[in-house]
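Let's take a friendly walk through a protein model and see how its charged side chains pair up. Have the structure open as you read.

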Amino acid sequence: MCADGLVWIDTAPNYADAHRLLGPVIADHPRAMVATKTGFFTKADGEAAVQAGLLTPQQLAAGHSLRSAFTRWQTDRSLAALGRADLVFVHNPEHSLLDRAELHERLRTVFAVLEEFAAAGRIGGYGVATWSGIQHGAFTVPELLGLAKEAAGSGEHHLRAIQQPVSLVMSRPVALALDGRGPLVQARAAGLITFGSSPLHGGELPALTTPELAEFIRPGASPASACLLAAASCPSLDVVLLSASSAEHWNAAKDSIAAPLEPGQLRKVTDVLAQG
């Protein structure tokens with residue numbers, strides 16, 4: 001969700017039956033933005049890819065592929081299930097365990113496939129959704145932009161977004177953005193949409209947050225609301241991604257980020273966490 005009320009549906013082919021279930025919902029909500037991913041796959045989809053000659057049995061066992069033919073096949077299937085996609089993220093490319101040069105070459109070829117989809121008007125653009133790739137130096141935002149330009153053959157590429165974890169656990173992007181630097185600032189400066197994933201760290205964070213910390217973040221806030229608010233208040237972050245089990249849960253989450261923290265208060269929060 002965004003502080004301005006814009007709603008993004010973020011999904012992936014390996015999120016159980018999400019694509020099948022979301023297709024009709026997306027059709028009924030034309031104003032919602034839709035992002036899916038390519039890379040990881042379910043066992044059933046992987047077996048179908050093997051039957052189609054797109055993966056070997058060894059590649060099936062890996063559960064993840066950045067091969068261009070597979071990217072094209074998986075994206076076609078995602079579009080058929082969802083009906084549309086505003087963004088297709090390359091999902092955790094660092095999972096491939098390639099060395100840095102090989103990873104960049106593979107990303108360039110995947111970007112070239114997604115450029116074809118974008119040029120044909122089948123997707124709005126593409127991005128990279130990473131858990132640790134930026135953090136561990138597998139690639140940087142400027143490098144991703146360079147690879148996109150090479151894939152497009154010009155500066156008119158369709159790389160549109162970066163997604164990475166932003167939370168009180170994965171707080172380095174917050175600290176860097178408060179200093180006016182880091183991947184979120186670089187991405188925003190380049191005109192990319194910035195997504196923060198796992199703001200509650202897989203649901204673990206509220207249980208780890210003391211009432212005192214929640215009160216320090218915002219008086220009267222619950223631990224879950226305080227943690228979500230801290231992530232959503234990160235400078236240069238456009239979208240914070242959250243799963244909600246009910247309409248009540250969703251509305252509470254929207255309310256909790258309606259008034260972001262001032263940068264000075266957010267810095268005090270990160271300073272407290274840095275002190276342990």
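Start with helix 5, which has 20 residues and reaches 28 Å from its first C-alpha to its last, close to the 28 Å expected at 1.5 Å a residue. Keep in mind that this is a predicted model.

What happens at the two ends of helix 5? At the N-terminal end, Asp-99 acts as a cap, with a side-chain oxygen 3.2 Å from the backbone nitrogen of Ala-101. Just after helix 5, you will find Gly-121 with a positive phi of about 75°.

Which residues of helix 5 are buried? Among them are Leu-103, Leu-107, Val-110, Phe-111 and Leu-114, and the list also includes His-104 and Glu-115. The buried residues of helix 5 pack against helix 4 (68-82), strand 3 (87-91), strand 4 (126-129), helix 6 and strand 5 (159-165).

Now for the charges. Side chains of opposite charge can pair when their charged atoms come close. How many salt bridges does the structure hold? There are 12. Here are some of them:

| Salt bridge | Closest N to O |
|---|---|
| Asp-10 and Lys-37 | 2.7 Å |
| Arg-100 and Glu-143 | 2.7 Å |
| Arg-108 and Glu-105 | 2.2 Å |

Let's begin with the pair inside helix 5. Arg-108 and Glu-105 both lie in this helix, three residues apart, about one turn of the helix. An α-helix has 3.6 residues a turn, so residues three or four places apart point the same way. Arg-108 is partly exposed at 23% relative accessibility, and Glu-105 is also partly exposed, at 40%. There is a further partner to look for: Glu-105, Arg-108 and Glu-150 are linked in a network of salt bridges.

Next, look at the salt bridge between Arg-100 and Glu-143. Arg-100 lies in helix 5 (residues 100-119) and Glu-143 in helix 6 (residues 141-152), so this pair ties together parts that are 43 residues apart in sequence. Arg-100 counts as partly exposed, at 39% relative accessibility, and Glu-143 is partly exposed too, at 26%.

Finally, turn to the salt bridge between Asp-10 and Lys-37. This pair links distant parts of the chain: Asp-10 sits in strand 1 (residues 8-10) and Lys-37 in strand 2 (residues 33-38), 27 residues apart. Is Lys-37 buried or exposed? With 2% relative accessibility, Lys-37 counts as buried, because buried means under 20% relative accessible area. Its partner Asp-10 is partly exposed, with a relative accessible area of 22%.

How values were computed. Residues are numbered from 1 along each chain as its sequence is written. This is a predicted model: local features need pLDDT of at least 70, side-chain atom pairs count only at pLDDT 80 or more; totals for chains, interfaces and linings use all residues. Side-chain values use heavy atoms; hydrogens and water are left out. A salt bridge is a side-chain nitrogen of Lys or Arg within 4 Å of a carboxyl oxygen of Asp or Glu. Helices (H or I, at least four residues) and strands (E, at least two) are DSSP runs, numbered from the N terminus. Buried means under 20% relative accessible area, exposed over 50%, partly exposed in between (1.4 Å probe, protein chains only). The expected span of a helix is 1.5 Å times one less than its number of residues. Contact means heavy atoms within 4.5 Å. A polar contact is a pair of N or O atoms within 3.5 Å; within protein, one must be able to donate a hydrogen and the other to accept it, and residues adjacent in sequence count only if both atoms are side-chain atoms.
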